[in-house]
Amino acid sequence: MISEINSRRSIRRYTGEPVSREQILALLEAGNRAPSAKNRQPWRFLVLTDKAKDEAVKAMRQGIAREKAGDALLPGSSRHLPGAEHTADIVEHAPVLILVSNPYGYKLDDRLLPEQRIYDLANLLSVGACVQNICLEAEAQGLGSLWICDIFFAYEELSRRFWMPGQIVTAVAIGHPDESPVPRPRQPLKEITEWREG
C-alpha cells in the first residue's frame, strides 16, 4: 500500500480505453472498507458512464454559467471558476464519474447545533477516507483518478439531475491515465509537526 500512496497522482488526462464494471466494483469495495466514525459508513455511490456522465458534464457547465452570471452559491470563490471549467473538460473525457453522497448530510443552509455540526464533520472525514481508498485502489489497478470538489459550483444542478440520499459531497473521475505527472511538492514534516512529551 505504501507504493500506491507514493505513486498516486491526480490524473487529468485519460485514454479512451473503457473501465470494466469489475474494476469499478473493486474501487467501490475499497471505498466501502474505509474506517468511519461510529461505523456509520456515511457514503453512497452513484456511478455515471456514457450518457449519464455527459449529463453530469452538462450540469457542471450550467452551474458554472450560473455562477458567472451572478446567481452564485460561491461568490467569494469566483477566482476558481476557470479551474472548475477545466474540471468539467476533464470529466468529459474520463470514462467514469463516481458521485459520492453523505446520506446523513444536512442542507447547505441548515443551521446546525454544535452536536449536529460535529456529527456532520465526522461523517465528512469518513467520506474522505472512503474516497482516499478509492483513489489508492485505482492506483493499484493501474487506473487514474481525480478527486473533485469543483462540483460545488454546480451543486444545485447536480442535485436536481442526480438525486442521492442526503448531500452530494464529492466526485471522483476514473479512467486509464494518459499522463504521468511528477509529484507535487509537500510541506516538510519539520514545518508541520510539533512534538510534545511529558
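Helices of at least four residues and strands of at least two are taken here as DSSP runs, numbered from the N terminus. On that basis the predicted model contains seven helices and four strands, and along the sequence these elements follow the pattern α-α-β-α-α-β-α-β-α-β-α. The radius of gyration of the protein is 18 Å, which agrees with the value near 16 Å that a compact globule of 198 residues would have. Along the principal axes, the C-alpha atoms fill a box of roughly 55 × 45 × 30 Å. Of the 198 residues, 40% count as buried, and the protein exposes about 11900 Å², of which carbon and sulfur atoms supply 52%. Among contacts with a sequence separation of 6 or more, 82% are accounted for by residues 24 or more positions apart.

Strand E4, which spans residues 167–175, is mostly covered, with nine of its nine residues buried. Strand E2 (residues 96–102) is joined to E4 by seven bridges, and the two run antiparallel; within this pairing, Leu 97 has Ala 173 of E4 as its bridge partner. Strand E3 (residues 144–148) also runs antiparallel to E4, to which it is joined by five bridges, and here Ser 145 stands opposite Ile 174 of E4. Both E2 and E3 are therefore paired with E4, since strands count as paired when DSSP finds at least two bridges between them.

Within strand E2 lies Ser 101, which counts as buried because its relative accessibility is 0%, the limit for that class being under 20%. A polar atom of the Ser 101 side chain lies 3.0 Å from the backbone oxygen of Pro 165. Pro 165 also belongs to the set of residues that Ser 101 touches when those up to four places away in sequence are not counted, a set that further comprises Pro 42, Trp 43, Arg 44, Met 164, Gln 167, Ile 168 and Val 169.

Helix H5, formed by residues 114–140, includes Ser 126, and Cys 135 is likewise placed in this helix. Ser 126 has a relative accessibility of 4% and so counts as buried; leaving aside neighbours within four places in sequence, this residue is in contact with Pro 35, Ser 36, Ala 37, Pro 42 and Trp 43. Pro 42 and Trp 43 thus appear among the contacts of Ser 126 and also among those of Ser 101, under the criterion that heavy atoms lie within 4.5 Å. Cys 135 is buried as well, its relative accessibility being 3%. With neighbours within four places again set aside, Cys 135 is in contact with Arg 8, Ser 145 and Val 172, and of these residues Ser 145 is the one that stands opposite Ile 174 in E4. Cys 135 and Ile 5 are separated by 130 residues in sequence, whereas their C-alpha atoms are 9.3 Å apart in space.

One aromatic pair is present in the structure. The rings of Phe 152 and Tyr 155 have centres 5.9 Å apart and planes at 15°, so this pair is classed as stacked, the cut-off for that class being an angle under 30 degrees. The accessibility of the two residues was also assessed: Phe 152 counts as partly exposed at 21% relative accessibility, whereas Tyr 155 counts as buried at 14%.

Key:
Residues are numbered from 1 along each chain as its sequence is written. This is a predicted model: local features need pLDDT of at least 70, side-chain atom pairs count only at pLDDT 80 or more; totals for chains, interfaces and linings use all residues. Side-chain values use heavy atoms; hydrogens and water are left out. Buried means under 20% relative accessible area, exposed over 50%, partly exposed in between (1.4 Å probe, protein chains only). A polar contact is a pair of N or O atoms within 3.5 Å; within protein, one must be able to donate a hydrogen and the other to accept it, and residues adjacent in sequence count only if both atoms are side-chain atoms. Rings of Phe, Tyr and Trp (its six-membered ring) pair if their centres lie within 6.5 Å; planes under 30 degrees apart count as stacked, over 60 as edge-to-face and the rest as tilted. The radius of gyration is taken over C-alpha atoms; the globule rule is 2.2 Å times the number of residues to the power 0.38. Accessible areas come from the Shrake-Rupley method with a 1.4 Å probe; for residues, only the protein chains shown count as cover.
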